[in-house]
Amino acid sequence: MTLLKINGLTKTFGGLRAILNFDLEVKKGQIIGLIGPNGAGKTTIFNLITGFLHSDSGVVYFKDKKINNLKPYQICKLGISRTFQLVKPFLEMSVLGNVIVGSIYGKNEKKISLMNAEKNAIEILDLVKLMSKKNVLASNLTYGDKKRLELAKALATNPELLLLDEVMGGLNPVELSEFMKIIKDINYNGITLVLIEHVMQAIMELGVPIPLIPATHSDPWRPPIPIHGGHLGRSEATLGF
Ligand SMILES: Nc1ncnc2c1ncn2[C@@H]1O[C@H](COP(=O)(O)OP(=O)(O)OP(=O)(O)O)[C@@H](O)[C@H]1O
Ligand SMILES: [Mg+2]
């Protein structure tokens, strides 16, 4: 089953063509890795999918619904969540408080009580291995723990599709291997993932790398091509798609 389909996405900033005729199809259960040099347009693609930017042309479908002109909170409620390249926790709130906010304002906003939001947040903190720091102020976390919190906040909104923007950048080897295990667990729990990552070890181990070539004024745009068909998590065959 196709979860996300992008056709002909184009975005220009002033005279700079950041993205030109970008196509992508993501099937339920996949892990896709968007790779490319600095400035290739990777974060711009996430901003276009999640409504933080509007495209000049092109269409984004999520489960066959066109989501181009929706606002970020509406897209979040449909089941798409994302992390930010520059982490953005509520610095004066505790780790638990940050994740509860995600639970309350996520996909289940109208249904979830504060008690259930806290229960959900605790399960997520357990998954990302931050339980021991649940009462710590976000501003006092280490860089690696802030990355985990960013992931936890996004997970708390109960997404079907999670977009991760360089969540593993700057981690030491131990943190990196712990983070990759968490990402595999998230995917195993049924969440489809698109990751932007410069850490090639992570991309090659986790999913299908799709290289992005920057769109410049003079270069012809080359469409992204998967490097190989690797896929972790449950296969489509076992899921019966
Ligand atoms: N809001 C904006 N206004 C103007 N230019 C922008 C804006 N956002 C991105 N750009 C430009 O668009 C191009 C693509 O930027 P983008 O941040 O998407 O690249 P990236 O692939 O995520 O790079 P990196 O690997 O460094 O994070 C860059 O030249 C950038 O300067
Ligand atoms: Mg970026």
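This is a short dialogue about reading the sheet, the ligand shell and the helix packing in a predicted model.

Student: Where do I begin with the sheet, and what is the order of its five strands?

Tutor: Start with the general idea: strands of a sheet pair through backbone hydrogen bonds, either parallel or antiparallel. Here the sheet is open, the pairing is parallel, and the order reads β6-β7-β8-β3-β9.

Student: Which strands stand at the edges?

Tutor: Those are β6 (80-82) and β9 (208-211); each has a single partner strand, so one side of each is left without a neighbour in the sheet. On average, neighbouring strands of this sheet are turned by 20° against each other, direction ignored.

Student: How many bridges join β3 to β9?

Tutor: Four bridges link β3, residues 31-35, with β9, and the two run parallel. To find the pairing by eye, look for I32, which stands opposite V208 in β9.

Student: Which strands does helix α1 lie across?

Tutor: Helix α1, residues 42-49, lies across β3, β6, β7 (161-165) and β8 (192-196), and runs at about 150° to β7.

Student: Now the ligand. Which element gives the largest share of the shell around ligand 1?

Tutor: That is α1, with three residues. Both α1 and β2 (16-27) supply at least two residues of this shell. The residues around ligand 1 are F13, L16, A18, G36, N38, G39, A40, G41, K42, T43, T44 and Q85. By character, the shell divides into four nonpolar, seven polar and one charged.

Student: On to the helices. At what angle do α4 and α5 pack?

Tutor: Helix α4 (residues 114-127) and helix α5 (residues 143-156) pack at about 140°, with their axes 10 Å apart. The two are therefore oblique to each other, and their crossing is right-handed. In this contact, N120, A121, I124 and L125 of α4 meet A152, L155 and A156 of α5. Those residues divide into six nonpolar, one polar and no charged.

Student: And how far apart are the axes of α3 and α5?

Tutor: They are 7 Å apart, and α3 (residues 95-105) packs on α5 at an angle of about 30°. That makes α3 roughly parallel to α5, because angles under 35 degrees count that way. This crossing is right-handed.

Student: Which residues make that contact?

Tutor: From α3 come V95, N98, V99, G102 and S103, and from α5 come L149, A152, K153 and A156. The contact of α3 with α5 divides into five nonpolar, three polar and one charged residue.

Technical notes:
Residues numbered from 1 in each chain as written. Chains lettered and ligands numbered in written order. Predicted model: local features only at pLDDT ≥ 70, side-chain atom pairs only at ≥ 80, totals over all residues. Pairing = 2+ DSSP bridges. Axes fitted to C-alpha atoms, helices over the stretch in contact; angles between N-to-C directions. Contact = placed C-beta atoms within 7 Å. Near = placed C-beta within 6 Å. Nonpolar A, V, L, I, M, F, W, Y, C, P; charged D, E, K, R; others polar. Parallel < 35°, antiparallel > 145°, perpendicular 65-115°, else oblique. Left-handed = near helix turned anticlockwise from the far one by under 90°.
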